[in-house]
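Colleague: Could you take a close look at one chain of this model for me? I would like to hear how it is put together and how its parts meet.

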Amino acid sequence: MDILISILSCKWLSYTFMQYALLTVTLLSIIFGLLGSLIIDKRMAFFADAYGHSTFTGLAIGALLGISPTLSMLIFTIFFALGINYIKSKNILSSDTIIGVFASFASALGLCLLSREGGFSKYSSFLVGDILTIQPSNILSILLCLIVVIAVWLSCFNKFLALSCNRSIAQSKGIKYYFYENIFTVLVACVVVLSIKIVGILLISALIILPAASSKNIARNIREAHLFSVLIALLSGLIGLILSFYLKTASGPSIALTSSLLFFLSLCVRKNNKNT
Amino acid sequence: MDTNTNNISVSTSNGNDSHICNFCCTRITDINLRYGSNVILENINFHVHCGELLTIIGPNGAGKTSLLKCILNEINSTSGHVSFKSKHTLKDKLTIGYVPQRLSINTSSCSVFDFIATYISKAPIFLYKSSKLYSRIYSHLEEIGSAHLINKKMSDLSGGELQRVLLTVATMPYPELLILDEFSSGIDLQGKETFFNLLMDIKSKQDIAIIMVCHDFNYVKKYSDRVILLNKTILKEGSFNEVSNSSEFKSIFGSLSI
């Protein structure tokens, strides 16, 4: 009862780090909610995961060169993602093999470099994320990211969807495949890098996929799919954050856990809809 | 209804040459396609007039789909080009409508409206549903006889319904050349008949050229104006009877009783 009152009276919001966390989680939820459904349609769930793993190498390179880790992760992951796209376009290997090879390579290299002289523990917060480290500058960069995502979505979403439904029809309508494929890839890579510090490498793809997957269970068209996906992401972000505060758990996993529970709930709703 | 017209009277569409406009012509010139030393297509030369239905037949691995993708410019052929001549001008870029065999991806959250709108409109469909666009799509679906499908989910469509939606996308706006890739697989008999009648209707009313790949020789015979037998290169070209009586046809397909 006390906890309930404490939650409702927003006691948890009296801490600055929780205010930052709430703001960040809200912004990230909107981004994940928007990106998710297309990532599922394009079967790119494991690509997002691979980008996440490649940030290890980016991080290590940043540490070696003494430049900002965010910048080095961003640059490396974009190159990594475009590299995967290029190899994919050659049609030599199936895409899951490509991801397997590339993601293992990048994370192995990164882990080797980071674990030199036993220094890895410094970076363990990257695995599950740490909301305590959020600074106003992080929030600003995520806000910027959200604006970019919305702008790209407004201008390119139809083309992304057209290409993912059928490339040949899209190309016969004059939509350029590689151009839009690369824009999408770079966008996902940027989102992954900017959010990795907060949600962690292990759960990044879960947070992108789960809200969109839940919304697919109940949506009847694209507009509903996007709306529900963003709402579910926001809801699980909020609940997960509050849970993590009171249960003293890591926030990334708490959000992912809430998200998974909402997914199972949506599955039940879908079953009921089908039965009636 | 068309069910009354028997095979013979419809197959005289070969004689309907007066309907074929001899001015516009899509010409495929010297297409060659190789992957390394592997020859996929060799010396492909043919043309198709508007108002004409050209069918490409051939065994598996003959390069039928590759040829279509060369025409679609999805694969860059090693040499050769596709050009389009209208009454007055010669141009290399023609508008093409493409009806694939099937959709490769799970379009679970798309309604039919969403699906069509992504290809023909710039208005972000995840945000709002433009009523102008909706009525445009509705009336075109009506022409294809599928207006009732507009709010259905793509994942709930039957094979025949899906093909009609794909045809709607390909014909919005009506292209100069319509390409259909093995569309008859996965549709029941009645669905096929309806679809071909639709195609004939579009062909004559809109006067567009159609290239299709089809394995169902009954329909090829009934509806094609001209047939090309392809096996890496063009083995035989002519009416279905000419092609099916040729030795090249018999060596590939045997003597079929059609």
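Modeller: Happy to! Let's take chain B, which is divided into domain 1, made of 23-95 + 176-258, and domain 2, covering 103-172. Please keep in mind that this is a predicted model. The C-alpha centres of the two domains of chain B are 26 Å apart. Where these domains touch, domain 1 of chain B brings nine residues and domain 2 of chain B brings eight residues. On the domain 1 side, the most comes from helix H6 of chain B (residues 189-206), which gives four residues. By character, that side of domain 1 of chain B holds six nonpolar residues, two polar ones and one charged one.

Stepping back to the whole of chain B, you will find nine helices and 10 strands. Of its 258 residues, 40% are buried. If you take the contacts in chain B between residues at least 6 apart in sequence, 69% of them join residues at least 24 apart.

Chain B also has a partner: 27 of its residues are in contact with 25 residues of chain A. On the chain A side, at least two residues each are supplied by helix H2 (16-41), helix H7 (136-165), helix H8 (167-172) and helix H11 (222-247) of chain A. H7(A) has the largest share there, with eight residues. The side of chain A that touches chain B is made up of 11 nonpolar, nine polar and five charged residues.

Terms used. Residues numbered from 1 in each chain as written. Chains lettered and ligands numbered in written order. Predicted model: local features only at pLDDT ≥ 70, side-chain atom pairs only at ≥ 80, totals over all residues. Domains from an automatic or database assignment. Contact = placed C-beta atoms within 7 Å. Nonpolar A, V, L, I, M, F, W, Y, C, P; charged D, E, K, R; others polar. Buried ≥ 20, exposed ≤ 12 C-beta atoms within 10 Å, placed from the backbone.
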